[in-house]
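Me: Please take a close look at how one pair of helices packs in this model. Then work outward to the other helix pairs, the cysteines and any single residues worth placing.

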Amino acid sequence: NEYKSYLSNMDELENGKKSGKTQSVEDIINKIADKPTCFLLILFTGAMALSAVGCYDAYMIAFAGIMPEYYCKTQTCSDARAKYAADKELDVKEVICKENLVEGVDYWFDTNRTTLVLDFGLYCQQGKLNLLSSYYFLGGAIGLFVGMYAFDVVGRRRSCIVGSLINLMATFLGLFCNSYGFMVGIRIIQGFGQFTSYASCYIWVLEFVPAKYRNYYNSWSMLIWATGYPGLVLISYLIKDWHYIHLAACLIFVLAYIPLFLLPNSPRYLISVGKIDEAKKVLEKYASVLGQDLDLSEVTVTSSDIDSNESAVNLSFKEKIQAFWTHKALMIETLVLFWGWFVACLLFYGLNFGWKSFGDTPYVNYLYAGMGETLAYLIMIAVTRYLGRRFGMIFCYAGACICFLIGMADWTWTDVWSLERLISIVAIVLISCAFALIFLYSGELAPTTHRGAIFSSSSLCARGAGFLGPFVSDISKNRRIRLAVCAALAGTAAILFFLQPETRGRPIPGKAEDVTRRREEQNLNSCTKVAKPMVG
């Protein structure tokens, strides 16, 4: 039956060509959602509400594992603490770990809340505590590896819903967690579910968004992520038992997942798998809820206005992989994306997990992080509007590189504030902007037939970086070496993005051949040539 449907769709495509009644899904969506409405805002907000779920998942461990303060009871403890406080290379928190002091005799913990640091004996094992953050990204890497196949074959919608339910189940298990090994399992499953659901949902919803609003959609989805910071801070401040923080998060997750069951499959995806009739029904329904009449019964709908979708329909997974070798343009652009994702994620999470060293409580520090990211996502709108996607990425990476180099200078004016600290805040704004923009850029660079595979494999590189992120501050005790490494990473990313094409205001490619044609149009036949900037 599927083969008969495929033949029928190919006949329809040929007849449409002959009659001239052929439209691309890009053109249809651009006409349907030509003007912004409150309904569109509500629709996309509801669909991307799970973006905030990712913020809860990523940083939940920072509040469940708050490092408690200790107070000395003996002179031995007080003297050791004073010695450590006088040496800038030492951390006073390490006194009780390195001086063989006894809890209850030499010192006592003052905390009005439970913390897995004490429950699992991790106070003197900071590495194991950091690993709980890293295991989340390990699970995400596994989920995205599966997504390389699932997003394009199983579908965006199904992958998203299944991933969301897996994440919900794992978070609920946190209510019953009583050991470090149990928490490791929870973090891996959380990462698997969340990254599977978020990546597939981002592609799924993006394919409903008209070209001129994709920049705003991307910024809006990232702003929704940033709302997770104050939400997580609030429930963590009010709830004193870290087990119940997981329960409260589950209730929020349920509300975020409800809209996923209401949104239909992406028409772009349906066309890419040969379900053209179903795609037409989705487009007609989309027009109907926006108050428009649309009849596509006599129209042939194609995946792209660059070319027909004959060779794009029903590609096997093997054929999609072979296309990377056949079409070198697709391979070059994807490899550059891999490095861009890796750098953006490594620096994004490396700097964000470093907020705990800001010198205040985690509640204040993560509110700072949320405000910084909110500013970055608002700046991103202007950056992409005036510089485009390609030069926007170059601007963010190059700016971060310069910040890290400036931060090497010695200038400290208080115990907390220094030039390095100030410059790091500017850098995290630029890296957050790059981190957000690369989501949009990847969705527009990749053809519909490969979007799921490219998006998930790029995110897979980012999850590897996320695993390393919590350890960025441990690269070296010499701060100049740390900053030099960060500057080198950002600088190479900025240079490599000169090889990429501009996608702003251009149709999303339907298949690999369209990627090659796009590079030809921008004089990028050779990876050593530079694309002409787009005006307007």
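**Helix 9 against helix 13**

Reply: Helix 9 and helix 13 cross in a left-handed sense. The model is predicted, and every value below is computed from it. Two packed helices are described by the angle between their axes and the distance between the axes. For helix 9 (residues 156-173) and helix 13 (residues 242-257), the axes come within 8 Å and the crossing angle is roughly 165°. An angle over 145 degrees counts as roughly antiparallel, and helix 9 and helix 13 are therefore roughly antiparallel to each other.

On the helix 9 side the contact is made by Ser164, Asn167, Leu168, Thr171 and Phe172. Facing them in helix 13 are His246, Leu247, Ala249, Cys250, Phe253, Val254 and Tyr257. By class, the contact of helix 9 with helix 13 has 8 nonpolar residues, 4 polar ones and no charged ones. One of the helix 13 residues in this list is Cys250. Buried means under 20% relative accessible area; cysteine 250 has 5%, so it counts as buried.

Next comes the packing of helix 4 on helix 10. Here the axes of helix 4 (residues 50-64) and helix 10 (residues 180-206) come within 10 Å, with a crossing angle of roughly 155°. That makes helix 4 and helix 10 roughly antiparallel to each other, and their crossing is left-handed. Helix 4 contributes Leu50, Ser51, Val53, Gly54, Asp57, Ala58, Met60 and Ile61 to the contact. From helix 10 come Met183, Arg187, Gln190, Gln194, Ser197, Tyr198 and Cys201. The class count for the contact of helix 4 with helix 10 is 8 nonpolar, 5 polar and 2 charged.

The third pair is helix 8 and helix 20 (residues 451-468), whose axes come within 8 Å and cross at roughly 170°. Helix 8 and helix 20 are again roughly antiparallel to each other, and the crossing of helix 8 and helix 20 is left-handed. In the contact of helix 8 with helix 20 there are 12 nonpolar, 8 polar and 3 charged residues.

The cysteines can be placed next. A disulfide is a covalent bond between the sulfur atoms of two cysteines. With a sulfur-sulfur cut-off of 2.5 Å, the model has 2 disulfides.

One of them joins cysteine 72 to cysteine 77, with 2.1 Å between the sulfur atoms. The angle about the S-S bond is -60°, and the link of cysteine 72 and cysteine 77 is left-handed. Its two ends have these accessibilities: cysteine 72 is partly exposed at 24% relative accessibility, while cysteine 77 is buried at 0%.

Cysteine 97 and cysteine 124 form another disulfide, their sulfur atoms 2.1 Å apart. This link is also described as left-handed, with -90° about the S-S bond. The pair connects distant parts of the chain, 27 residues apart. Cysteine 97 is in helix 6 (residues 95-98), and cysteine 124 is in the loop between helix 7 (116-119) and helix 8 (126-153). Cysteine 97 has a relative accessible area of 28% and is partly exposed; cysteine 124, with 46%, is partly exposed as well.

Counting bonded cysteines along the chain, the disulfides follow the pattern 1-2, 3-4. Cysteine 160 is in no disulfide, and its nearest cysteine sulfur is that of cysteine 201, 4.0 Å away. Cysteine 160 is buried, with 0% relative accessibility. Cys201 has appeared above as one of the helix 10 residues in the contact with helix 4.

Two single residues complete the picture. Arginine 214 is in helix 11 (residues 214-226) and is buried, with a relative accessible area of 0%. Leaving aside residues up to four places away in sequence, arginine 214 touches Glu26, Leu206, Val209, Arg389, Leu440, Glu444, Arg506 and Ile508.

Tyrosine 368 is in helix 18 (residues 362-406). With a relative accessible area of 35%, tyrosine 368 is partly exposed. Its C-alpha lies 9.7 Å from the C-alpha of proline 230, although tyrosine 368 and proline 230 are 138 residues apart in sequence.

Definitions and conventions. Residues are numbered from 1 along each chain as its sequence is written. This is a predicted model: local features need pLDDT of at least 70, side-chain atom pairs count only at pLDDT 80 or more; totals for chains, interfaces and linings use all residues. Side-chain values use heavy atoms; hydrogens and water are left out. Buried means under 20% relative accessible area, exposed over 50%, partly exposed in between (1.4 Å probe, protein chains only). Helices (H or I, at least four residues) and strands (E, at least two) are DSSP runs, numbered from the N terminus. Axes are lines fitted to C-alpha atoms, for helices over the stretch in contact, and angles run from 0 to 180 degrees between N-to-C directions. Angles under 35 degrees count as roughly parallel, over 145 as roughly antiparallel, 65 to 115 as roughly perpendicular and the rest as oblique. A crossing is left-handed if the near helix is turned anticlockwise from the far one by less than a right angle, and right-handed if clockwise. Contact means heavy atoms within 4.5 Å. Ala, Val, Leu, Ile, Met, Phe, Trp, Tyr, Cys and Pro count as nonpolar, Asp, Glu, Lys and Arg as charged, and the others, Gly among them, as polar.
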